[in-house]
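Colleague: Could you take me through the sheet of this chain in some detail, and then through the parts that surround it? I would like one connected account.

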Amino acid sequence: MPSPTRSRPATPDAAPLSIPHEEYAVTATDTTKTPADFWFDPLCPWAWMTSRWILEVEKLRPIQVRWHVMSLAVLNEDKLDTLPENYASALRDAWGPVRVVIAAQQEHGDEVVGPLYEALGTRFHNQALPRDRETIVAALEAVGLPAELADYADRDTYDTELRASHKEGIDKVGQEVGTPVIAVPGADGEQIAFFGPVVTPTPRGDDAAKLWDGTIMVASIPGFYEIKRTRTAGPSFE
């Protein structure tokens with residue numbers, strides 16, 4: 001979600017978790033794949049659109065998506081007084097889902113982040129379900145996680161870890177962005193991060209692959225920063 005302030009847009013005894021989403025399984029062959037780090041806030045519809053694209057790319061190019069949380073609430077916490085009240089109110093309520101995701105990661109491992117994001121995002125965006133405890137519990141249960149993790153929506157237990165994950169992404173891309181953030185290898189192998197790509201609807205097939213190839217291409221150009229145009233359509237969920 002673009003920043004509204006500018007035009008541009010562990011419990012050690014936890015039982016092992018079986019994830020029913022095979023596309024997220026990490027295998028030995030993943031060391032040969034190009035890493036694509038992806039920072040998201042589960043409430044952001046634009047991040048959700050981009051995440052569907054990056055998963056499409058995983059089918060077409062040898063990449064491994066690594067999921068990380070960032071937070072619109074953290075990103076905008078020092079700007080609430082300058083924002084429209086409806087947006088500020090939404091940001092104050094934005095802590096819950098991302099706190100649940102970071103709690104799941106801390107207590108059950110990195111491998112649960114992608115499946116939980118998929119379960120939450122499908123319910124929040126495609127199904128337009130309320131962004132409340134009942135929906136969060138349903139998402140947790142769908143991926144085999146304990147419903148009690150929903151309690152963390154109202155707790156700051158893992159806020160230090162949440163802020164650290166958020167900071168990692170923002171430090172790579174800069175402050176004047178929103179969500180999503182992706183980081184891919186540049187010409188010398190060092191990660192280059194961008195806000196976006198912002199897309200609607202989600203590119204599929206050859207279009208998805210071409211957009212990935214273009215992202216890698218611009219990341220390889222020293223001094224490239226941005227291409228921008230005004231959005232004329234909202235998120236189109238499929």
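Modeller: Happy to; here is the sheet, followed by the helices and the loops.

A word on the basis first: this is a predicted model, in which local features need pLDDT of at least 70 and side-chain atom pairs count only at pLDDT 80 or more, while totals for chains, interfaces and linings use all residues. Residues are numbered from 1 along each chain as its sequence is written, and side-chain values use heavy atoms, with hydrogens and water left out.

The chain has 8 helices and 4 strands; both are DSSP runs numbered from the N terminus, helices being H or I with at least four residues and strands E with at least two. Along the sequence they follow the pattern β-α-β-α-α-α-α-α-α-β-β-α. Of the 238 residues in the chain, 48% are buried, where buried means under 20% relative accessible area, exposed over 50% and partly exposed in between, with a 1.4 Å probe and protein chains only.

Now to the sheet you asked about. The 4 strands form an open sheet in the order β2-β1-β3-β4, with mixed pairing; two strands pair if DSSP finds at least two bridges between them. Because β2 and β4 stand at the edges with a single partner strand each, one side of each is left without a neighbour in the sheet. From one strand to the next, the twist averages 20 degrees.

Let us start with β1 and β2. Strand β1 (residues 34-40) runs parallel to β2, and 7 bridges join them. Within this pairing, A36 has V65 of β2 as its bridge partner, and F40 has V69. Both strands are mostly covered: in β1, 5 of its 7 residues are buried, and in β2 (residues 63-69), 6 of its 7 are buried. Together with helix α1 (residues 45-60), β1 and β2 make a right-handed β-α-β unit. Right-handed here means that, with the strands pointing away from the viewer, the path from the first strand over the helix to the second runs clockwise.

On its other pairing, β1 meets β3 in the antiparallel sense, over 3 bridges. There D37 stands opposite A183 in β3. Across the sheet lies α8, which is placed over β1, β2, β3 and β4 and runs at about 70 degrees to β3. For such values, axes are lines fitted to C-alpha atoms, for helices over the stretch in contact, and angles run from 0 to 180 degrees between N-to-C directions.

Helix α7 offers a link back to the end of β2. H166 is in α7 and is buried, with a relative accessible area of 7%. Leaving aside residues up to four places away in sequence, H166 touches V69, M70, S71, V74 and L75; contact means heavy atoms within 4.5 Å. V69 is the residue already named as the bridge partner of F40.

The helix α7 (residues 159-173) also packs with helix α4 (residues 95-108), at an angle of about 95 degrees and with their axes 9 Å apart. That makes α4 roughly perpendicular to α7, given that angles under 35 degrees count as roughly parallel, over 145 as roughly antiparallel, 65 to 115 as roughly perpendicular and the rest as oblique. From α4, W95, V98, R99, I102 and Q106 meet D159, E161, L162 and R163 of α7. The residues of this contact divide into 4 nonpolar, 1 polar and 4 charged. In that division, Ala, Val, Leu, Ile, Met, Phe, Trp, Tyr, Cys and Pro count as nonpolar, Asp, Glu, Lys and Arg as charged, and the others, Gly among them, as polar.

Finally, a few loops deserve a look. The peptide bond from T179 to P180 is cis, with omega near 15 degrees, and P180 lies in the loop between α7 and β3 (181-185). Another cis peptide bond joins T200 and P201, with omega about -10 degrees; P201 sits in the loop between β4 (191-195) and α8 (205-219). In the loop between α5 (113-126) and α6 (133-142) we find A128. Its phi is near 50 degrees, a positive value in a residue other than glycine, and A128 is exposed, with a relative accessible area of 61%.
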